[in-house]
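Here is a short note for a colleague who is new to this structure. Please read the points below with the model open.

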Amino acid sequence: TYLIDVIVSDNGSPARSTRVSRILRVDAPPAMPLGATDDTDGDGDFDQAEGYADPDGDGIPAYLDNVDDTNLVPDQTVDMANMLLLETEPGLILRRGSTSQAANVFGALVSNRDISRFGNRRGGAPVNAEDSFAHVGGIYDFEIDGLIPGSSANIVIPMQSAIPRDASYRKYNPDTGWSDFVVDANNRIASAIGDMGACPEPGSSAYTDGLGYLDNCVQLTIQDGGPNDTDNQVNGVINDPAAVGVTLTGPEGFEEVEEGSGGGRVSLLLLTMLLALGGFANRRRQRVGRIE
C-alpha cells in the first residue's frame, strides 16, 4: 500500500496551490484465463472483456462494477444481488475511500476491523480506532471529487439497518479519532424512509433534519475543507469515513453483561435495540432505485 501525495501550484502572484492524497494498493490480480466466460458483476459482459480498468473512477475494477454512473458507488461487491448504492449529486465523482482502498474492500462499506488495521493516512493501523459508541447500519468510507473548492455536496447513504432512538452520527478522523459529525450552516444531517433500500435522491424534500427513528436513509451535506472533511484541505475533494452510533453506556437500570468466552462486553440496551431492529435489517436494492 502506497500513499500518493500531490501538490500543484500555479504561477500567480502570490502562487496558489492545491493538494490531494490518495491511497494506492498494489496486488496481484486474479487470473482471467483466455476464453473464460465468467461475469462476476452480472452486467452481461465477460470479466475477460472488462478487465481491471476503472472507467468511472470509483476505485472498483470494471469486472466487479456493474454501475457506470460516476455519482454512484456500491456499498459492497461481495453480494452484488443485494448491494446498496450510495449517491451524490450529478456531475460529481463518488468513489470508495482510502481505508476501503487499503483494506482491499471493493465498495464503500468497511468494518471496525478495517478502521483499526488500515485507518491511518498511509493505509496502516491508527492509534485511535476505538469509539465509545456502537456503530449501527454500517461504516461508510467514501470520497466525493469534482466540487468547486470550499463548496458543499450532498450524499445519500442507504443504511444496512434502521436508525435507532437517540442515535448520533459519528465521524472518524485519522488524526483525532471518532467524534460527532459537526452541524453548521454548511454541514447538515438529515434522514428519510426508503423503500427496500431505494432512497430519495440527494436534495429531495423528503429528508428532514437530524436522524429520524427507524429511518433507513441518511443524507449528509459536507463542506469541502470543513470540519467533516478528513483531508483538511480546500481542494474540491471530500473524504468521510463515518457511521450512525449509539452510546454503549445506557441509562440507569441497564447493566453491562459479560459476553461468553470472548471476554467482550455487550450492553443490554444495545441487545434490546438490535432485537427491535430485526424487521428492518434486510432492506436492500438490486440496482439503482429512487423515490421521487
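1. C199 has a relative accessibility of 3%, so this residue counts as buried, the cut-off being under 20%. The model is a predicted one, and the values here are computed from it.

2. What is the partner of C199 in the disulfide? The partner is C217, and the two sulfur atoms lie 2.1 Å apart. A search of the whole structure turns up one disulfide. The pair joins distant parts of the chain: C199 belongs to strand 12 (residues 199–200) and C217 to strand 14 (residues 217–223), with their positions 18 residues apart in the numbering.

3. The link of C199 and C217 is left-handed, with -85° about the S-S bond.

4. Is C217 buried or exposed? Its relative accessibility is 0%, and C217 therefore counts as buried.

5. Strand 14 also holds Q223. Q223 has 17% relative accessibility; because this is under 20%, Q223 counts as buried.

6. The side chain of Q223 has a polar atom 3.2 Å from the backbone oxygen of G150. G150 also appears among the residues in contact with Q223 once neighbours within four places in sequence are left aside. The others in that list are S151, S152, N186, N187, D229 and I238.

7. To sum up the points on strand 14: C217 in this strand is linked to C199 in strand 12, and Q223 in strand 14 is in contact with residues that include N186 and D229.

Technical notes:
Residues numbered from 1 in each chain as written. Predicted model: local features only at pLDDT ≥ 70, side-chain atom pairs only at ≥ 80, totals over all residues. Heavy atoms only, no water. Disulfide = S-S within 2.5 Å. Helix = DSSP H or I, 4+ residues; strand = E, 2+ residues; numbered from the N terminus. Buried < 20%, exposed > 50% of the residue type's maximum accessible area, 1.4 Å probe, protein only. Polar contact = N/O pair within 3.5 Å; in protein donor to acceptor, adjacent residues only side chain to side chain. Contact = heavy atoms within 4.5 Å.
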